[in-house]
Amino acid sequence: MERSGSAQLLFNKTKSVEFTYCNETVIIPCFVNNVGAENTKEMFVKWKFKGIDIFIFNGTNSFAKYNNFTSARIAISELLKGDASLMMNKSDAILGNYTCEVTELTREGETVIELKYRVVSWFSPNENILIVIFPIFAILLFWGQFGIKTLKYKPSHTDEKTIISLVAGLVVTAVVIVGAILLIPGEYSVKNAIGLGLIVISTGILILLQYCVFKTAFEMTSFAIAILLIQVLGYVLALVGLSLCVSACIPMHGPLLISGLGIMALAQLLGLVYMKFVASNQKTIQPPRKAVEEPLNAFKESKGMMNDE
């Protein structure tokens, strides 16, 4: 409630003020319109929370009166301009009504401001969906490539690279799922940041897995190399976006991160189409020439040794 009258101090009306997780310092405004003092020694400021004195400026010194508000302070240099706003660290901010009392010689007045907390989502709902969908889509496309390679290229025994690709693919899938669970919609938190990091960093393994699938299925071509380069470009953009988003409480570079993940998913789609195209033109995808020549040479050498005997 504000007191009126020519002998009273008049305040700007501020019913409430909000702060978020991203605020390091909470400021509760208190502005006096008709300050006439020429020296701060003529002014007295008192801040109260639910009737309890939490901060006092007596014209010379200022001090916090309550242990829960040890960081409470005002800008004394701004008092003569009518600014008696209370500042405190976010950790000290308690929700509720704060009373600002200002006395200037024989004039005085007070105003009440409510402090509220507002939840601000780290990413928008659409951004959260795309951050999760693109990596999952890329993983599904990789498994499609792996399936084509396994069905069409059938060596006499399961080679080591196939087993490694299978295990690595399962690990990436599990890590991305865990990251998606941690990256729940909501305000910035360490858990959300870890989830985002797991999603983005683990998708980089898809580049190596796609290379292994291409290499074991057929000879590398310029088109296959181009697909891998697109994948690398997307991963670089995603990493840059990740670093910028994690370092900021309010991520301004979410579109950059999402663009990188989208490019990686596109590269996986191109890889699947390319492998499907190659497979449709061959009854069985032939392994690289080196993979055929080595067993053949070994067979010839063993046959020659038997003839010599």
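The link between Cys30 and Cys100 is left-handed, with -75 degrees about the S-S bond, and I should say at once that we are looking at a predicted model. The two cysteines form a disulfide in which the sulfur atoms lie 2.1 Å apart, and a search of the whole structure finds one disulfide. As for where its ends sit, Cys30 is in the loop between strand E2, residues 25-28, and strand E3, residues 43-49, while Cys100 is in strand E7, residues 96-104, so that the pair, 70 residues apart, links distant parts of the chain.

Let me turn now to the helices, beginning with what the record says. UniProt, in an unreviewed entry, places the feature "transmembrane region" at residues 129-151, 163-184, 190-211, 223-250 and 256-275. If we look in the model at residues 129-151, that span is 100% helix and 0% strand, with its end C-alpha atoms 33 Å apart. Residues 163-184 are 91% helix and 0% strand, and there the end C-alpha atoms lie 33 Å apart.

Two packed helices are described by the angle between their axes and the distance between the axes, and I will go through the partners of helix H1 in those terms.

How do H1 and H2 pack, and at what angle? Helix H1, residues 125-152, and helix H2, residues 160-182, pack at about 160 degrees, their axes being 10 Å apart. Because an angle over 145 degrees counts as roughly antiparallel, H1 is roughly antiparallel to H2. The crossing of H1 past H2 is left-handed. On the H1 side the residues that meet H2 include Ile136, Trp143 and Phe146, and on the H2 side they include Leu166, Gly169 and Val176. Sorted by class, this contact of H1 with H2 has 12 nonpolar, four polar and one charged residues.

The next partner is helix H3, residues 190-203, which packs with H1 at an angle of about 30 degrees, with the axes 11 Å apart. Since angles under 35 degrees count as roughly parallel, H1 is roughly parallel to H3, and the crossing of these two helices is left-handed. From H1, the contact is made by Ile131, Val132 and Pro135, and from H3 by Leu196, Ile199 and Thr203. The residues of this contact divide into five nonpolar, one polar and no charged.

Last comes helix H4, residues 205-217, whose axis lies 10 Å from that of H1, the two packing at an angle of about 20 degrees. H1 and H4 are therefore roughly parallel to each other, and H1 passes H4 in a left-handed crossing. Here H1 contributes Ala138, Ile139, Phe142, Gln145, Phe146 and Lys149, while H4 contributes Leu206, Leu209, Gln210, Val213, Phe214, Thr216 and Ala217. By class, the contact of H1 with H4 comprises nine nonpolar, three polar and one charged residues.

To gather this up for anyone new to the structure, H1 runs roughly antiparallel to H2, roughly parallel to H3 and roughly parallel to H4, and elsewhere in the chain the disulfide joins Cys30 and Cys100.

How values were computed:
Residues numbered from 1 in each chain as written. Predicted model: local features only at pLDDT ≥ 70, side-chain atom pairs only at ≥ 80, totals over all residues. Heavy atoms only, no water. UniProt positions renumbered as here; feature names shortened; annotations may be inferred. Helix = DSSP H or I, 4+ residues; strand = E, 2+ residues; numbered from the N terminus. Axes fitted to C-alpha atoms, helices over the stretch in contact; angles between N-to-C directions. Parallel < 35°, antiparallel > 145°, perpendicular 65-115°, else oblique. Left-handed = near helix turned anticlockwise from the far one by under 90°. Contact = heavy atoms within 4.5 Å. Nonpolar A, V, L, I, M, F, W, Y, C, P; charged D, E, K, R; others polar. Disulfide = S-S within 2.5 Å.
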